[in-house]
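Colleague: I am new to this structure and would love a close look at one part of it. Could you take me through the aromatic rings, step by step?

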Amino acid sequence: MTATTALVLTGGGARAAYQVGVLQAIAGLRAACGHGHAAAPFGIFSGTSAGAINAAALASGADHFDHAVRRMARAWAHFHAQQVYHADSLHLMRRGAHWLTLLSLGWALARWRHVHPHSLLNNAPLAQLLQRLVPVQRVPQLIRTGHLRALAVTASSYNSGQHVAFIDAGDAQAPWSRSLRKSARGPITHQHLLASSAIPLVFPAAPLPIDGHTEYFGDGSMRQTAPLAPAIHLGAERLLVVGTSRAHEPPAPCPAGTRQPYPALAQVAGHALSNIFLDALSADIEHLQHINQLLALLTPEERARSPLRPLQLLVFVPSQSLDDIAARHLCDLPRSMRALLGALGVEAGQPGAGNGGNGALVSYLLFERGYTRELMALGRSDALARRGELCAFFGWCDAGNPLRLACYA
């Protein structure tokens, strides 16, 4: 079963801490059901943006899944923003000065490209963190020894406009190409993870070699029309998907006769990011469910002749608004970062975007342990609330034993 079971992790910056909580629950439940062997219960790992980093960390430890989950949980439980991007006053002032110079004197400085800022924040610390915590160089060996079938990391090219799934699957996987999306062979490196997690405008694009030349890539959630496609192309028959946004956020209450204020830049940016990270996943899941329903209406003979095949799907998304949780933890950010967000219209004490506030943008950048630990706890709770579904998905026999979740202190 393992080889054809895929784990699909979507993007969302700091929101990806939720995925770690779900994975902690899966590891604990597997042990409670008497299946605590070392190998991962997934053969295929597919990730986008911050989900690509989580997927790569798990794939790099596919021969000892529980250890990989504990290692990842410790990292997320002790996060500080400075581990992901330069959040000190000096770096942020330099960044802000570059943007102000471009906006005020760009017409006069256009010929000097070196003065053009590439992004709002500098994620150089993340590159160093990945070197320490994600031994992605182990993936080819794990594929050769049969502990892993494939790792897929997606990114979007700013040069060609194509959405590319970078695949590490040994020599067996044939490439594929569809409208504005295609695959490219690995090996996958830390540079691919930086490219996939480069939130547009927030983090700089990363150069990657492809088709004999180099292109600049950004966040894999951009132009991603089919988030589940890489895992399906790689032969997955069962998909466990962990998203970082709710498919249906309740609308903010608006008293009759009132007029809402003009949205701050932070609200506009948060809304745009939410659309990038959420809409494609919801549409792709609905499309797959419709295919399953149509195939169920066919006779066995008709299904055998069809190029389509039914896929078992289990999806986890947060049961609470992560925007609201982020708004409560805004003060955890360094003062210089709060000042920068304040200039964009983020105000402390405001509710999340789902309630008319501005927590959406903050929720992607809040790499602080108070926030990430609360998201991990929510992920564990959401997963364990569906304990029966998880056991049925993996074929585990649940004897009702209590779970022992790994400590990350």
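Modeller: Happy to; here is a walk through the aromatic rings and the charges that sit over some of them. Please keep in mind that this is a predicted model, where local features need pLDDT of at least 70, side-chain atom pairs count only at pLDDT 80 or more, and totals for chains, interfaces and linings use all residues. Residues are numbered from 1 along each chain as its sequence is written, and side-chain values use heavy atoms, with hydrogens and water left out.

Rings of Phe, Tyr and Trp (its six-membered ring) count as a pair if their centres lie within 6.5 Å; planes under 30 degrees apart are stacked, over 60 edge-to-face, and the rest tilted. That rule gives 11 aromatic pairs. One of them is the tilted pair of Y85 and F203, with 6.1 Å between the centres and 40 degrees between the planes. These two partners are 118 residues apart and link distant parts of the chain: Y85 is in the loop between α3 (65-77) and α4 (89-109), while F203 is in the loop between α7 (190-196) and β7 (206-210). Helices (H or I, at least four residues) and strands (E, at least two) are DSSP runs, numbered from the N terminus. Both Y85 and F203 are buried, meaning under 20% relative accessible area with a 1.4 Å probe, protein chains only.

Elsewhere, ring pairs join F42, F45, F65, F393, F394 and W396 into a cluster.

Now to the charges. One sits over a ring if NZ of Lys or CZ of Arg is within 6 Å of the ring centre and within 35 degrees of the ring normal. R15 lies over the face of Y364, 4.9 Å from the ring centre. Likewise, R386 has its charged end over the ring of F316, at 4.4 Å from the centre.

How values were computed: Buried < 20%, exposed > 50% of the residue type's maximum accessible area, 1.4 Å probe, protein only.
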